[in-house]
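Open your viewer, switch on the cartoon view and keep the selection tool handy. We will go from stop to stop together.

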Amino acid sequence: MKKKFQFFLFSLIILISLVFYNTYFKSPSDQKSNDLTKKDEKKPVGKNNVIKNLKYDVKFDDNSKYSISSKISEITNTNDNEIVIMNDVTAKFNDGKNPTIYITSDTATFNNSSFNTTFETNVRVEYIENVITSDNLDLDFKKNNVYIYNNVLYEGLTGLMKTDNILINLFTKDAEIFMSSPAKKVEISSK
């Protein structure tokens, strides 16, 4: 019984000491800092809008069409431009004269003003019976080209090709294939 009383008395002294310290010795800045931390925890993650199953359809003056969609997108505003960060992306481009070019990737950044799009991670381009895979692809409507780069692998009816870069004109379908370093060569193997 004596030990229980001693324990109770000891606990009571500690409790009174803590209350006394917090009341008379703790600085107001410590309290404000704790309040700011609590307020920060309650803030939303971002000011941007997250949208599921977003799709943009664009028709240009020359009757070419561009369509891009994603499963999850986040809309942001940067320098007065609406930029859409997209995940699980599918896109297609048709100039009205040639077969459609299909593009898929894990992520993409779409500029809603210029319609230019940067695709990243597991990029796959399909055109007729040709498949190109890479890490990156830039679709530039101002320059009317598709720039495919980083770990580019082309597979067509006649064989395989490994290169660093492919630059394709969207309207003429002319392609420029080149390595980043002049010391390296494009690798080609036929089927």
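Where is the place of K92? Select K92 and you land in strand 3. Strands here are DSSP runs of E with at least two residues, numbered from the N terminus.

Before moving on, a word about what you are looking at: this is a predicted model, in which local features need pLDDT of at least 70 and side-chain atom pairs count only at pLDDT 80 or more, while totals for chains, interfaces and linings use all residues. Residues are numbered from 1 along each chain as its sequence is written, and side-chain values use heavy atoms, with hydrogens and water left out.

**Stop 1: around K92**

Show the surface at K92: its relative accessibility is 41%, so it counts as partly exposed. (Buried means under 20% relative accessible area, exposed over 50%, and partly exposed in between, with a 1.4 Å probe and protein chains only.) Now display the neighbours of K92, leaving aside residues up to four places away in sequence: K65, Y66, S67, T100, I101 and Y102. Contact here means heavy atoms within 4.5 Å. Then pick the C-alpha atoms of K92 and T104; they are separated by 8.7 Å, with the two positions 12 residues apart along the chain.

**Stop 2: the paired strands**

Colour strand 2 (residues 65-78) and strand 3 (residues 81-94), which pair antiparallel over 13 bridges. Two strands pair if DSSP finds at least two bridges between them. Click K65 and look across to N94, its bridge partner in strand 3. At the turn of this hairpin, with two residues between the strands, N79 takes a positive phi near 50°.

Next add strand 1 (residues 49-59), which runs antiparallel to strand 2 and is joined to it by 10 bridges. N49 has I75 as its bridge partner in strand 2. Five residues lie between the strands in this hairpin, and N63 there has a positive phi near 70°.

**Stop 3: the aromatic rings**

Show Y56, F60, Y66, F93, F110, F115 and F141 as sticks: they form one aromatic cluster. Rings of Phe, Tyr and Trp (its six-membered ring) pair if their centres lie within 6.5 Å; planes under 30 degrees apart count as stacked, over 60 as edge-to-face and the rest as tilted. By this rule there are eight aromatic pairs. Zoom in on F60 and F115, an edge-to-face pair at 5.9 Å centre to centre with 80° between the planes. F60 sits in the loop between strand 1 and strand 2 and F115 in the loop between strand 4 (101-111) and strand 5 (117-127), so the pair ties together parts 55 residues apart in sequence.

Technical notes: Helix = DSSP H or I, 4+ residues; strand = E, 2+ residues; numbered from the N terminus.
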